[in-house]
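Dear colleague,

I am handing over the structure below, together with the notes I made while going through it. Please read them alongside the coordinates.

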Amino acid sequence: MSKNPVHVIGGGLAGSEAAWQIAEAGVPVVLHEMRPVRGTDAHKTDGLAELVCSNSFRSDDAETNAVGLLHAEMRLAGSLIMSAGDAHQVPAGGALAVDRDGFSEAVTRKIEAHPLITIEREEMPGLPPADWDEAIIATGPLTAPSLAQSIAQATGADALAFFDAIAPIVHFDTIDMNTCWFQSRYDKIGPGGTGKDYINCPMDKDQYLAFVQALVDGQKTEFKEWEGTPYFDGCLPIEVMAERGVETLRHGPMKPMGLTNVHNPSVKAYAVVQLRQDNALGTLYNMVGFQTKLKHAEQVRVFRTIPGLENADFARLGGLHRNTYINSPTLLDASLQLKSRPGLRFAGQITGCEGYVESAAIGLLAGRFAAAERLGHQAATPPLTTAFGALLNHITGGHIVSDDEPGKRSFQPMNVNFGLFPPVEAPKSDGKRLRGKDKIVAKRRAITTRALADCRQWLGLPAQAEAAE
């Protein structure tokens, strides 16, 4: 049985977690971190797992919040990131926020002290050499240009994105289908389609004009100095299109041609917002052509003025910012391994997940998969019913690839959310069906209860009832 080291490139949250999981499995690790040999435009220290933006890991509610559930699963799996976060938390209500310096120092001390982990402070100018038969690239959204170029050359020119152009995604069950309807433009049946592949939200002239004005007037986020202004054809922000003229959107993503409102066939919509199925489960729909720099609160306010989306619950809000990531659904297998090069895995934000905890979780999985292979075991992937499995599935296979929008990447980074999980039926209360918020809460609790039980089984832990005895 080989005990050659697994090489992990990148000492952020994902890389640190991957290294920890590998070492805890009894396999030696070499963790390569380029700081302080080469800095980045965002990092300020040479500490491992430095938090460069917020200090929040978001909600810690494991019963009704998907990221809180992911926290709980990571704790079950012995996560270094979660243990350091718990040890250095600061008051933040129901969220888990951390003292960023104390958190990074704790992760660095743990990694440095582990007898099976060696830290090499050096920049990796290209892909790992061939004799590194097990390696993980976890270099995040600020991957050094030389390594990014090597990844692009190895995976194809269109496989690596340097900027997100993200459109909002809506939970299907919060869309009012008494206002909206399913139809493809001109009833066109595309590959795998039915002619009813889009959800259509109609607007009359007054609604459209008010919507355009709201886009123009809405508060926008600004680019950081080092990001530049990466607008390119195919992914202009919706508000930039609105600024180009009041009719621009009606001749772009909101054109009403080829559509008939089944609820009112005799009235032609002045403009139409279309949503397209985003995942194989059919639980998430993205707003076609609606990448945006509007601030998140503004997006919620403005987009809920769209007929049919008045009560929309957003799985992800839009954005446009620098974020180096690969086209994972086409490049990676279910164990995060590059299909064209067995033994080379990717982890963290470079795979197309979003958020501190999600990045660390994918690092945790990549580390476990690599360690299992090094030990001669079959790398078992987590069940789709768990937060681990739902997030992994989005990255490696749950996303529906669309090729009907030239110039726009279909796969986009996402936080963990309940739309990624297989749906459940809401339990009844006293034999009666629940409705409204009560139904939503009950469904989420059913999802999290199922997830934690399945995660325990995947990890080989005793069931909750047995553990409490």
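Phe57 is in contact with a wide set of residues beyond its neighbours within four places in sequence, namely Leu13, Leu51, Val67, His71, Ile81, Met82, Gly85, Leu96, Val98, Phe103, Tyr356 and Val357. Please bear in mind throughout that this is a predicted model. Phe57 and Phe388 are the residues with the most contacts inside the largest nonpolar core, which has 86 residues. The largest share of this core, twelve residues, is contributed by helix 10, which runs over residues 356-374. There is also a second core, separate from that one, with 34 residues, among them Ala214, Ile238, Met241 and Leu294. Two of the contacts of Phe57, Phe103 and Tyr356, also join Phe57 in one aromatic cluster.

The strand that spans residues 56-59 is strand 3, and it belongs to an open sheet of three strands, ordered 3-5-4 and paired in the antiparallel sense. Strand 3 and strand 4 (89-90) stand at the edges with a single partner strand each, so that one side of each is left without a neighbour in the sheet. The pairing of strand 3 with strand 5 (residues 95-98) is antiparallel and extends over two bridges, and within it Ser56 stands opposite Ala97.

Turning to the other aromatic residues, how many aromatic pairs does the model hold? The count comes to eleven. In one of them, the rings of Phe290 and Phe303 have centres 5.5 Å apart and planes at 70°, and since an angle over 60 degrees counts as edge-to-face, this pair is therefore classed as edge-to-face. Phe290 lies in the loop between strand 13 (284-287) and helix 8 (296-303), whereas Phe303 is in helix 8, so the pair ties together parts that are 13 residues apart in sequence. Phe290 is buried, with a relative accessible area of 0%, and Phe303 is buried with a relative accessible area of 0% as well. An aromatic ring also meets a charged side chain at Tyr270, where Arg250 lies over the face of the ring, at 3.8 Å from its centre.

Strand 11 (198-203) deserves a separate paragraph. Six of its six residues are buried, so strand 11 is largely enclosed by the rest of the structure. Tyr198, Asn200 and Pro202 point one way from the strand, while Ile199, Cys201 and Met203 point the other way, and all of them are buried. This follows the general pattern, in which the side chains of a regular strand alternate between the two faces of the sheet. Strand 11 pairs with strand 10 in the antiparallel sense over two bridges, with Trp181 opposite Asn200. Strand 11 also pairs with strand 12 (residues 271-277), again in the antiparallel sense but over six bridges, and there Met203 stands opposite Ala271.

Two residues other than glycine drew my attention through their backbone angles. Tyr186 has a positive phi, near 60°, and is found in the loop between strand 10 (181-182) and strand 11. Leu336 has a positive phi of about 70° and is placed in the loop between helix 9 (328-331) and strand 16 (344-346). Are these residues buried or exposed? Tyr186 is exposed, with a relative accessible area of 59%, whereas Leu336 is buried, with a relative accessible area of 0%.

Finally, there is the annotation in the database record. In an unreviewed entry, UniProt lists Gly10, Gly11, Gly12, Leu13, Ala14 and Gly15 under "binding site". Gly11 is in the loop between strand 1 (6-9) and helix 1 (13-24), and it is buried, with a relative accessible area of 0%. Leaving aside neighbours within four places in sequence, Gly11 is in contact with Ser16, Leu31, His32, Glu33, Arg35, Leu48 and Ala49. Gly15 lies in helix 1 and is buried, with a relative accessible area of 0%; not counting residues up to four places away in sequence, Gly15 touches Val8, Gly10, Leu31 and Ala138. Leu31 thus appears in the contact lists of Gly11 and Gly15, and Leu13, from the UniProt list, is among the contacts of Phe57.

With best regards

Note on methods. Residues numbered from 1 in each chain as written. Predicted model: local features only at pLDDT ≥ 70, side-chain atom pairs only at ≥ 80, totals over all residues. Heavy atoms only, no water. Helix = DSSP H or I, 4+ residues; strand = E, 2+ residues; numbered from the N terminus. Buried < 20%, exposed > 50% of the residue type's maximum accessible area, 1.4 Å probe, protein only. Pairing = 2+ DSSP bridges. Phe/Tyr/Trp six-rings, centres within 6.5 Å; stacked < 30°, edge-to-face > 60°. Lys NZ or Arg CZ within 6 Å of the ring centre and 35° of its normal. UniProt positions renumbered as here; feature names shortened; annotations may be inferred. Contact = heavy atoms within 4.5 Å. Core = buried A, V, L, I, M, F, W, Y, C linked by side-chain atoms within 4.5 Å.
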